[in-house]
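Good morning, and thank you for the time. I would like to take you through one structure, region by region. Please have the display in front of you as I speak.

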Amino acid sequence: MASSSYSPHFLSLGIFFLLITTTSSEEESATIISRFQQYLQIDTAHPNPNYSLSTTFILSLAESIGLQYETLEFAKGKPVVILKWPGEKTQLSSILLNSHTDVVPSENHKWVHPPLSAHIDFNGDIYARGSQDMKCVGLQYLEAIKRLKRNGFKPVRTVYLSFVPDEEIGGVDGAGALANSKNFEKMNVAVVLDEGLASPNENYRVFYGERSPWWLVIKAVGSPAHGSKLYENSAMENLQKSLESVWRFRASQFDLLKSGLKEEGEVISVNPVFLKAGIPSPTVQMILFSFYLSLCPSTTYPSFCYQWN
Ligand SMILES: *[C@@H]1O[C@H](CO)[C@@H](O)[C@H](O)[C@H]1NC(C)=O
Ligand SMILES: [Zn+2]
């Protein structure tokens, strides 16, 4: 699942404090936070995510924690990192903790603190692209496992972690390829935990559900004619008709949401994201439009669908 906006994200450290308060010193907290910052500082933003840096980072952490690891490359330059914490009963199906390593692009100048700086302000909030979506989750898995291992905990079932690329652009070469692989079959996964909603306090919201993106391109074409003439069937007119029906549907979904009849995750979001116009000419009206829509139906709660082209 992807996040919803271009605006600066921050993550409250509440989650970390929850992890930390019970057993460890302030020094350990500082180390955990600085590890998180390091992960955030790795530039895995589209369109040129540096997956080799994130892979090196994750593998070195896995090694220090004592997890088995493997890097699968279903598409060149797009590593899927799999970590394994063997369970006591290997015949049982396993648990998979998934997170994606890529983040959506950001515009430096619109940020109070640069998105790759992982700056911590006086409240303890960290500013960075990916602090919520979803490098925080990936590292929380690892920090939690590290602590559990240190305390002598042994899982009954094998626990896998997957760090996948390209989630923000559909995940075809990442989670998609993994799910269709022999490797995944062998992992014998019974349940997967993935990303969810950020929480500004110590409460976690647990939910299940899945949104399916559908990328729709409407190409409007029409008859060309001289600008001095009134004529039927222009490209613009045709596009307008499609758009009007999209907007009507969108408004009906939005009404359900606003009236409280449905939760955010229960409606279908339709968001026109990109419009490309053809040849502007004062006389010859030859116009071609591409129009990108994304429809995100979902079963239950997860509510955001992020689009970029
Ligand atoms: C990733 O970053 C490293 C270190 O800055 C650099 O050497 C490498 O070329 C980068 N890889 C890509 C694909 O940008
Ligand atoms: Zn995400």
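**A walk through the predicted model**

Let me begin with Arg157, which sits in the loop between α4 and β7. Please bear in mind throughout that this is a predicted model. With a relative accessibility of 32%, Arg157 counts as partly exposed, because the buried class ends at 20% and the exposed class starts over 50%.

What does Arg157 contact, once its neighbours within four places in sequence are left aside? The partners are Trp85, Gly87, Leu92, Ser93 and Ile95. Of these, Ser93 deserves a closer look: the side chain of Arg157 reaches the backbone oxygen of Ser93 at 2.9 Å. In sequence, Arg157 and Ser93 are 64 residues apart, yet their C-alpha atoms are 6.7 Å apart in space.

From there I turn to the sheet. Five strands form an open sheet in the order β2-β3-β7-β4-β8, and the pairing is mixed. The edges are taken by β2 and β8, the latter covering residues 189-193; each has a single partner strand, so one side of each is left without a neighbour in the sheet. From one strand to the next, the twist averages 25°. As a general reminder, strands of a sheet pair through backbone hydrogen bonds, either parallel or antiparallel. In which sense do β4 and β8 pair? They pair in the parallel sense, over four bridges. Within this region, Ser94 stands opposite Val189 of β8.

Next, helix α3, which runs over residues 51-65. At 1.5 Å a residue, its 15 residues should span 21 Å, and the end C-alpha atoms are indeed 21 Å apart, so the expected and modelled values agree. The expected span uses one less than the number of residues, which is why the 15 residues lead to that figure.

Which residues of α3 are buried? They are Tyr51, Ser54, Thr55, Phe57, Ile58, Leu59, Leu61, Ala62 and Ile65. When reading that list, recall that an α-helix has 3.6 residues a turn, so residues three or four places apart point the same way. The cover over the buried residues of α3 includes α2 (26-41), β2 (68-75), β3 (78-85), α4 and β7. Two strands of the open sheet that I named earlier, β2 and β3, are thus among the covering elements. Just after α3, Gly66 takes a positive phi of about 90°.

I now come to the annotated positions. In an unreviewed UniProt entry, the annotation "active site" covers Asp102 and Glu167. Although spread over 66 residues of sequence, these two cluster in space, with a largest C-alpha distance of 6.7 Å.

Asp102 lies in the loop between β4 (94-100) and β5 (119-120). Its relative accessibility is 0%, so Asp102 counts as buried. Beyond its neighbours within four places in sequence, Asp102 is in contact with Thr44, His46, Tyr51, Asp133, Val164, Pro165, Asp166, Glu167, Glu168 and Ile169. Tyr51 also appears among the buried residues of α3. As for polar contacts, one of 2.7 Å joins the side chains of Asp102 and His46. The other annotated residue, Glu167, is found in the loop between β7 and α5, and at 18% relative accessibility Glu167 counts as buried.

The unreviewed UniProt entry also lists Asp133 and Glu168 under "binding site". Spread over 36 residues of sequence, they nevertheless cluster in space, the largest C-alpha distance being 9.8 Å. Asp133 and Glu168 both feature in the contact list of Asp102.

Where is Asp133 found? Asp133 is in the loop between β6 (126-127) and α4 (135-150). Is Asp133 buried or exposed? Its relative accessibility of 6% makes Asp133 buried. The side chain of Asp133 makes a polar contact of 3.0 Å with the side chain of His100. Glu168, for its part, lies in the loop between β7 (159-164) and α5 (172-179), and a relative accessibility of 3% means that Glu168 counts as buried.

One further residue remains. Asn271 lies in the loop between β10 (269-270) and β11 (274-276). Asn271 has a relative accessible area of 19% and is buried, since the class requires a value under 20%. Its side chain makes a polar contact with the side chain of Arg250, at 2.7 Å.

That completes the tour, and I would welcome your questions.

Note on methods
Residues are numbered from 1 along each chain as its sequence is written. Chains are lettered from A and ligands numbered from 1 in the order in which they are written. This is a predicted model: local features need pLDDT of at least 70, side-chain atom pairs count only at pLDDT 80 or more; totals for chains, interfaces and linings use all residues. Side-chain values use heavy atoms; hydrogens and water are left out. UniProt positions are given in the numbering used here, feature names are shortened, and annotations may be inferred rather than shown by experiment. Buried means under 20% relative accessible area, exposed over 50%, partly exposed in between (1.4 Å probe, protein chains only). A polar contact is a pair of N or O atoms within 3.5 Å; within protein, one must be able to donate a hydrogen and the other to accept it, and residues adjacent in sequence count only if both atoms are side-chain atoms. Contact means heavy atoms within 4.5 Å. Two strands pair if DSSP finds at least two bridges between them. Axes are lines fitted to C-alpha atoms, for helices over the stretch in contact, and angles run from 0 to 180 degrees between N-to-C directions.
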